[in-house]
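Hi,

Here is the structure I promised to pass on. Have a look at it first, and my notes come straight after.

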Amino acid sequence: LNVLRTLRNHWKKSALAVCVFSYGGHWLYGKHCDSVLRREACLEAREFGRQLILPQEQLRKATVILNPAACNGKANNLFEKNAAPILHLAGMEVKLVKTDYEGQAKKLMELMEHPDLLIVAGGDGTLQEVITGLLRRSDQASFSKIPIGFIPLGSQNSLSQSLHLPTDNRVKNITAATLSILKGETVPLDVLQIKGEKDQPVFALIGLRWGSFRDVATSFSKYWYLGPLKTKAAHWFSTLRVSSAKDNLCTWSPCETKMEISTVELSIMTQNRNPAVKRPEDSMVVCMEPDSLTVGEFIAIGSEKVKDPAQCSVKGQQLEASVCQLGLPQGGGFFNIDNEEYEAMPVEVRLLPRKLRFFCSAERRQELLTHAH
């Protein structure tokens with residue numbers, strides 16, 4: 001009775017204590033679950049390390065390109081705690097190369113010797129730099145046959161959903177991706193070659209975006225104080241900016257056909273979302289959203305594209321092509337190429353079908369095949 005009386009008399013402190021202990025208990029439980037995941041993954045990796053090899057055989061050599069700045073500087077710690085022990089227990093000879101600045105991965109790929117397999121530990125930007133450096137090499141025809149593993153450590157890991165089972169648990173995502181490298185199952189992925197008139201080509205695994213929805217997405221942080229409404233608010237405020245039809249006019253030339261279109265956004269995407277499905281023809285998917293949208297339609301479509309940038313709305317026009325020329329108005333803004341920003345300019349976009357092979361979990365591959373049917 002004295003305890004109950006004390007709790008009633010100091011109900012504010014009691015309520016605070018309950019909240020603190022509840023949060024602490026949840027945090028400790030989460031840490032315990034992460035430790036269990038790491039232990040299970042290490043035990044599975046140890047079985048690979050116990051496999052016998054012949055005297056003349058050598059350990060598999062893996063080169064890891066790690067971007068320590070990914071995930072707001074947490075990538076190095078995430079790799080050392082969740083991925084490195086798995087690779088070492090599996091008996092793999094690992095050469096770890098850390099990047100020091102943006103763009104260095106491209107230069108490193110130009111000088112790299114041929115490893116047995118290549119592992120990219122970072123996010124979309126790191127992966128895009130690595131494949132660009134790889135495919136710019138003079139011996140890219142042979143180097144592109146090296147299987148590639150992707151360990152998702154970035155703030156954005158768009159390709160991860162095509163290769164590994166989706167999960168909100170970062171530790172599970174990293175350990176599962178690392179184990180898929182050991183198991184050795186791969187899938188072929190298409191690549192987009194994007195080349196301007198003067199610059200060297202840039203390569204992409206996801207796609208290219210240009211237009212208003214892309215521009216609005218870069219301003220979300222300005223409206224942080226609106227919480228869950230910031231997405232709709234950013235799209236609404238963008239409709240207040242007066243623009244002429246010429247601002248949205250671009251030249252689109254698939255194959256030999258040339259046409260001028262006025263579009264609020266144009267995207268060119270690979271079909272790597274589901275790499276497990278065999279396609280009758282190789283093509284990239286082009287989506288052109290009309291510039292005649294109402295304010296409500298613009299906000300609704302923009303909100304959907306935040307969840308899925310590759311989605312083409314009901315009012316949009318969708319085409320398939322293997323190569324195209326894209327011309328833009330003067331001061332055409334910026335592209336997003338695999339979620340990395342580039343200055344927009346006239347470019348040729350060409351599909352390189354099934355150019356690279358990436359490690360993929362068998363469970364995710366089967367899931368993608370099931371959804372396709």
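Below is what I found, from the overall build down to the cores.

A word on the source: this is a predicted model, where local features need pLDDT of at least 70 and side-chain atom pairs count only at pLDDT 80 or more, while totals for chains, interfaces and linings use all residues. Residues are numbered from 1 along each chain as its sequence is written, and side-chain values use heavy atoms, with hydrogens and water left out.

The protein has 14 helices and 15 strands (DSSP runs, numbered from the N terminus: H or I of at least four residues for helices, E of at least two for strands). Its C-alpha trace spans about 80 × 75 × 45 Å along the principal axes. Of the 373 residues, 46% are buried, meaning under 20% relative accessible area with a 1.4 Å probe, protein chains only.

Now the inside. The largest nonpolar core (buried Ala, Val, Leu, Ile, Met, Phe, Trp, Tyr and Cys joined through side-chain atoms within 4.5 Å) has 27 residues, and L118, L205, L356 and F358 have the most contacts inside it. Elements giving two or more residues to this core include β3 (117-122), α7 (124-135) and β15 (347-359). The top contributor is α7, with 5 residues.

F358 is worth clicking on: leaving out residues up to four places away in sequence, F358 touches L127, I131, F150 and L205, among others (a contact is heavy atoms within 4.5 Å). Apart from this core lies another, of 26 residues, among them A62, A83, M92 and L117.

Cheers

Technical notes:
Buried means under 20% relative accessible area, exposed over 50%, partly exposed in between (1.4 Å probe, protein chains only).
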